[in-house]
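Here are my comments on the structure, set out as numbered points. They go from single residues to whole chains and back again.

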Amino acid sequence: MVDSARFNTGRMKQSRSDVVFDVINLTLISLFFAAVAYPLLFVVVASISDPDYVNTGRVFLWPRGITLAAYRELLKAQNIWRGYANTIVYAGFGSVIAVFSTLGLAFALSRRELVGRKSLNMLVVFTMIFHGGLIPLFLLVRNLGLYNSRAWMIIHSLTAGYWIMISRTFFSRLSEELIESARMDGCNEIQYFFRIALGVSQALVAVLFLLAIVQKWNSYFIPMIYLKDVEKFPLQLVMRNILRIQQVGVEQALQTGDAESVEQMLKTADLIKYAVIIVGSIPVLIVYPFIQRYFVKGVMLGSVKG
Amino acid sequence: MESVALRQSELYPAKRGYLGRQTRNIRKYWPLYVLAAPGLAYLVLFHIVPLYGLQLAFKDYSIRAGIFGSRWVGLDHYRQFFSSWGATKIIVNTLVLSAYSLAVGIPTNIVFALALNWVANVRYKRLVQTITYAPHFISMVVLVGMLSVLLNPTTGPINRLIENLGGEAVYFFGRKDIFRHLFVWSGVWQNTGWGAVIFLAALSSVNPELYESARMDGATKLQLIWNIDIPAIKPTIIVVALLALGRVMTLNFEKVILMQTPLNTETSEIIQTFVYKTGLVNFQISYATAIGLFNSVINASLLLVFNAMAKRFSEESLW
């Protein structure tokens, strides 16, 4: 990879316009960087600050009146922990099944010996172009008895034509000698797939895995329309409900007739919202820096064809 | 080796002709079908089979009669939809939101990629990349949650800032005139970093000698960008733009649903949210199916058109 910016150093002398360019460029980049980073920082800071300071706009870069009340409240909340557990189950199993299904299909489609290959490819492409929409799928899922089922939460969005095609292209570039020598050793295609093809395509497997986990982790709408039992709600759904609660605490406090506790509840409600955002995103944001470079590789995998 | 050859001919008796070869291959390569089975089963079951339910678009669905037994009503649903005053608004909203997102999103991604490409300090560059990629992985719930807390009229910091500067607090989510901007620019916040990756990748494959020779001729950096970088990513731009145009009707409606309030529906109601509400909230099943079908057909057409164009301009396309 070429770092074009390296032409700043080296033998070329910096002209005045170059310096101007660098300054402006750096400024703009830094402004954007700050604009992206600041809301993230603010949410973290606000989640541990006294609501009075936050609500009157006196919190900017660091917390004031540090309080962990929101996190304490959240730790007690059963539905958050249940949501976490559910999401881990759905994302964990779901991503494993999804990746193996996608790669298995892609591998099969990449082999010329597959009978009906052309038709199957057309089928995959067709599913990419046209779909029946929300309602027919909903009716089908319901008729299959998968409504309100964890099974559906695990297998929904199992595979997508886009990734099937990219993986297929990837597999088709594996050298033919690999599979020939494996066949001579008595391997059949399944063994070859698991032992060799996957090992060689580690980058692809990693990317698919990570994208599948992230997608399942963040999914909110499908659980919302297909789940009825609160115990099955994934984290995002629980968070959404918490983030929408504006009035609940107020009504409760009104019943006790205590104006002060109403105010207190309103304040904590907002504080909790900040904390919920952090709690719900922690896993992703912690794991993210380590896996970030794999994503970049994956996008480049997808963009380089032929 | 000989024993292997013998075994093979026993297992796969020589049948002649194309069909013979095909059946032989099915038997010989059966593991491939095993590998393909889960993915294929899912696609067929959940992408092909539901198409059967599309006929409801032309029927009047009754739960008792089921899909098969409901009576035909032809184009009634479409007559009803297109004559309702809401239809135009919904379609316009969908298109405007998409077009706005594209018109803002793609250029910002490009500009950001070009600018980041020329940042000298590699460590700062990587830091910026890491931070700007991060919002892409935040869930929609979190993103909209952040927006709603930050923009809260009574407790949000943005409104506090506005008030401190002498203005009046704004209920951002209730303003139908602000919705589109909120939607698009929060998308910029979330996706610019990630969206620039593909352009950065293209930029990294530029031949350094091009820069050197241009520098010898006294080119400024801006000229380098204009004359070398931009042409280098032109194919990528075209493909990205065409593919995005092809998906213009499949707006991120999770985000829209989350950002919708009763006060801003005039600009926030898009086709997909309307289908969802009509079908799954109000249970007008067949009506919603009809509109969903309309959406899918337009979507498919756009995809076909723009993908064909993408194919003509480069080797890259969706298929």
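1. In which helix of chain A is the place of Val99(A)? In this predicted model, Val99(A) belongs to helix α4, which covers residues 78–110 of chain A. The residue has a relative accessible area of 4%, and because buried means under 20%, Val99(A) is to be read as buried. Once its neighbours within four places in sequence are left aside, the contacts of Val99(A) are with Val205(A), Leu208(A), Phe209(A) and Ala212(A). As a reference for distances within the chain, the C-alpha atom of Val99(A) is separated by 39 Å from that of Ala269(A), a residue 170 places away along the chain.

2. Helix α4 of chain A also holds Ser110(A), and here too the residue is buried, with a relative accessible area of 10%. What does Ser110(A) touch, not counting residues up to four places away in sequence? Its partners are Arg117(A), Arg168(A), Phe171(A) and Ser172(A), so a reader following helix α4 in the view may wish to check the two arginines beside the serine.

3. Two further positions in chain A lie in loops. Phe60(A) is placed in the loop between α2 (51–55) and α3 (69–76), and at a relative accessible area of 48% it is partly exposed. Leaving aside neighbours within four places in sequence, Phe60(A) is in contact with Tyr38(A) and Phe42(A); the C-alpha atoms of Phe60(A) and Phe42(A), which are 18 residues apart along the chain, are separated by 6.9 Å. Ser157(A), for its part, is in the loop between α7 and α8 (161–172) of chain A, where it counts as partly exposed at 29% relative accessibility. Its phi is near 55°, a positive value in a residue other than glycine, and I would ask that this be mentioned in the text.

4. How many helices and strands does the secondary structure of chain A come to? It comes to 15 helices and zero strands. Of the 306 residues in chain A, 49% are buried, and the chain exposes about 15,100 Å², with carbon and sulfur atoms supplying 64% of that area. Among contacts in chain A between residues at least 6 apart in sequence, 70% join residues at least 24 apart.

5. Confidence in chain A deserves a separate comment. The mean pLDDT of the chain is 82, and 83% of its residues reach 70 or more. Among the elements of chain A, helix α7 (residues 150–155) has the highest mean pLDDT, at 95, whereas helix α14 (residues 248–256) has the lowest, at 51. Where pLDDT is low, the predicted coordinates should not be read in detail. For the model, the scores are ipTM 0.83 and pTM 0.84.

6. Chain B has 17 helices and two strands. Its radius of gyration is 27 Å, well over the 20 Å that the globule rule gives for 319 residues, so chain B is more spread out than a compact globule. Taken along the principal axes, the C-alpha atoms of chain B fill a box of roughly 90 × 70 × 35 Å. Buried residues nevertheless make up 51% of the 319 residues in this chain, and among its contacts between residues at least 6 apart in sequence, 60% join residues at least 24 apart.

7. The accessible surface of chain B comes to about 15,500 Å², and 64% of it belongs to carbon and sulfur atoms. The chain carries 27 positive and 16 negative charges, whose mean positions are 8 Å apart. Chain B averages a pLDDT of 85, with 93% of the residues scoring at least 70.

8. A last pair of positions concerns helix α16 of chain B and the loop that comes after it. Val281(B) is found in helix α16 and counts as partly exposed at 45% relative accessibility; its C-alpha atom is separated by 16 Å from that of Val256(B), 25 residues away along the chain. Is Phe283(B) buried or exposed? Phe283(B), in the loop between α16 (271–281) and α17 (285–313) of chain B, is exposed, with a relative accessible area of 57%. The phi of Phe283(B) is near 55°, which is a positive value in a residue other than glycine.

Notes:
Residues numbered from 1 in each chain as written. Chains lettered and ligands numbered in written order. Predicted model: local features only at pLDDT ≥ 70, side-chain atom pairs only at ≥ 80, totals over all residues. Heavy atoms only, no water. Helix = DSSP H or I, 4+ residues; strand = E, 2+ residues; numbered from the N terminus. Rg over C-alpha atoms; globule rule 2.2 N^0.38 Å. Buried < 20%, exposed > 50% of the residue type's maximum accessible area, 1.4 Å probe, protein only. Contact = heavy atoms within 4.5 Å. Areas by Shrake-Rupley, 256 points an atom, 1.4 Å probe, with all protein chains shown as cover. Lys, Arg positive; Asp, Glu negative; His and termini not counted. Charge placed at Lys NZ, Arg CZ, Asp CG, Glu CD. pLDDT = per-residue confidence, 0-100.
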